[in-house]
Amino acid sequence: MTSLKIIKDSENLVKEIQKYKLKKKNIGFVPTLGALHKGHLELIRLAKKKSDVVVASIFLNPLQFDSKTDFKKYPINLIADKKKINKEKINILYMPTINEVFPNKKIKKIKASNKANKLCGKFRKGHFDGVVTVLKSLFDQVSPNFAIFGQKDFQQILIIKDLILKYKLKIKIITIPTVRDSSGLAYSSRNNLLNNKQKKIASFLFKTIKEISFEAKKNPNKLNSLKIIGKKKLINYGFNKIDYLEIYNENNLSKKNIKKNNLRVFVAASLGKTRLIDNYKN
């Protein structure tokens with residue numbers, strides 16, 4: 001039976017990984033910010049199927065938060081997280097401090113690819129630079145064969161793939177479809193910040209982009225009017241702010257060559273002070 005090793009320093013982590021590498025073991029990696037939910041657990045379960053050794057990390061990355069308030073508000077619960085990870089029977093839980101992620105003290109920011117200039121990147125300045133800077137360091141320390149991510153963060157996945165190409169890392173990215181609750185709401189750590197009334201409203205985010213996706217495939221010439229209709233619907237449901245509702249070619253996040261097989265709807269909307277994102281392709 002696998003007994004979980006909780007490692008907090010990078011030196012120990014690298015030593016452990018080396019042992020597995022010498023035995024020619026495949027390593028699967030699931031990086032998280034913590035506040036684990038069913039979506040994270042599905043990533044871990046897929047990692048177990050795809051690899052011999054599974055490493056999950058919990059590191060609340062301050063570099064990817066565009067406001068200190070947002071960072072402090074993040075719903076951390078390390079005791080609950082450890083229990084959840086323990087049940088999954090993986091090999092290593094890596095819980096570094098920022099000094100372990102960046103042992104040289106000086107953090108050299110990496111610039112995310114151009115795909116970071118739209119959608120969430122447009123509204124959260126420097127967010128994706130923070131994501132790729134930390135992931136590059138974690139990838140170097142864990143040196144996984146596979147890294148597993150959820151499609152809820154679809155833009156982020158494309159940016160991470162660009163990071164891997166840029167640095168010629170030998171890591172394969174594996175993704176899973178967005179994990180949702182019975183109402184269709186995508187699991188997210190931020191859902192913990194919603195009250196019951198807001199959770200009911202939040203479920204309309206998925207319903208709306210699903211409808212738009214079906215309509216967009218039927219009427220590819222009406223994409224702009226469908227976006228306007230979608231935004232109005234969300235405001236009527238009770239969302240107080242729409243950052244974006246876009247229909248893009250999912251391969252490059254552009255409006256060029258949008259076809260039925262690459263059309264994906266992206267949305268970010270707020271309920272009170274809680275910002276939710278989602279995307280859908282049918």
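**Pocket lining**

I went to the second largest pocket and asked which element gives the most to its lining. That turned out to be α7, with 4 residues. I was working on a predicted model here, not an experimental one. The space in this second largest pocket comes to about 250 Å³. I then listed who sits closest to the centre: of the 17 lining residues, they are F102, K108, I110, T133 and S137.

**Aromatic pairs**

Next I looked up the rings. How many aromatic pairs does the count come to? I got 8 aromatic pairs. One of them is F29 with F139, which is edge-to-face, at 6.3 Å centre to centre and with 75° between the planes. I checked where these two come from, and the pair links distant parts of the chain: F29 is in strand β2 (residues 27-32), F139 is in helix α7 (residues 127-142), and they are 110 residues apart. So α7, which gives the most to the lining of the second largest pocket, also holds one ring of this pair, by the DSSP runs used for helices and strands. Buried or exposed, for F29 and F139? Both are buried.

I moved on to F204 and Y237. Their ring centres are 4.0 Å apart and their planes meet at 15°, so I noted the pair as stacked; the cut-off for that is under 30 degrees. This pair also links distant parts of the chain, with F204 in helix α9 (residues 196-218) and Y237 in helix α10 (residues 223-237), 33 residues apart. I looked up exposure for each ring. F204 has a relative accessible area of 27%, so I put it down as partly exposed. Y237 is partly exposed too, at 30%.

I also found a cluster, in which ring pairs link F65, F71 and Y74.

**Charges over rings**

I searched for charged side chains sitting over rings. K136 lies over the face of Y167, 4.8 Å from the ring centre. R180 has its charged end over the ring of F206, at 3.7 Å from the centre.

**N262**

I stopped at N262, in the loop between β7 (241-249) and β8 (263-271). Why does N262 count as buried? Because its relative accessibility is 7%, and the cut-off for buried is under 20%. What does the side chain of N262 reach? I found the backbone oxygen of N257, at 3.0 Å. Leaving out residues up to four places away in sequence, N262 touches Y248, N249, E250, N251, N257 and K281. N257 therefore turns up twice in my notes, as a residue N262 touches and as the owner of that backbone oxygen, with contact taken as heavy atoms within 4.5 Å.

**Positive phi**

Last, I checked the backbone. Most residues other than glycine have a negative phi, so I wrote down exceptions to that general pattern. K24 is not a glycine, yet its phi is positive, about 60°. I placed K24 in the loop between α1 (10-22) and β2. With a relative accessible area of 72%, K24 is exposed. K89 is another non-glycine with a positive phi, about 55°. It lies in the loop between α4 (78-87) and β4 (92-94). I noted K89 as partly exposed, because its relative accessibility is 41% and partly exposed runs between the 20% and 50% cut-offs.

Methods
Residues are numbered from 1 along each chain as its sequence is written. This is a predicted model: local features need pLDDT of at least 70, side-chain atom pairs count only at pLDDT 80 or more; totals for chains, interfaces and linings use all residues. Side-chain values use heavy atoms; hydrogens and water are left out. Rings of Phe, Tyr and Trp (its six-membered ring) pair if their centres lie within 6.5 Å; planes under 30 degrees apart count as stacked, over 60 as edge-to-face and the rest as tilted. Buried means under 20% relative accessible area, exposed over 50%, partly exposed in between (1.4 Å probe, protein chains only). A charge sits over a ring if NZ of Lys or CZ of Arg is within 6 Å of the ring centre and within 35 degrees of the ring normal. A polar contact is a pair of N or O atoms within 3.5 Å; within protein, one must be able to donate a hydrogen and the other to accept it, and residues adjacent in sequence count only if both atoms are side-chain atoms. On a 1 Å grid over the protein atoms alone, a cavity is a set of points where a 1.4 Å probe fits but cannot get out, and a pocket is an open set with protein on both sides within 12 Å along at least five of seven lines; lining residues have an atom within 4 Å of a point. Grid points are joined across faces, edges and corners, and a volume is the space filled by probe spheres set on the points.
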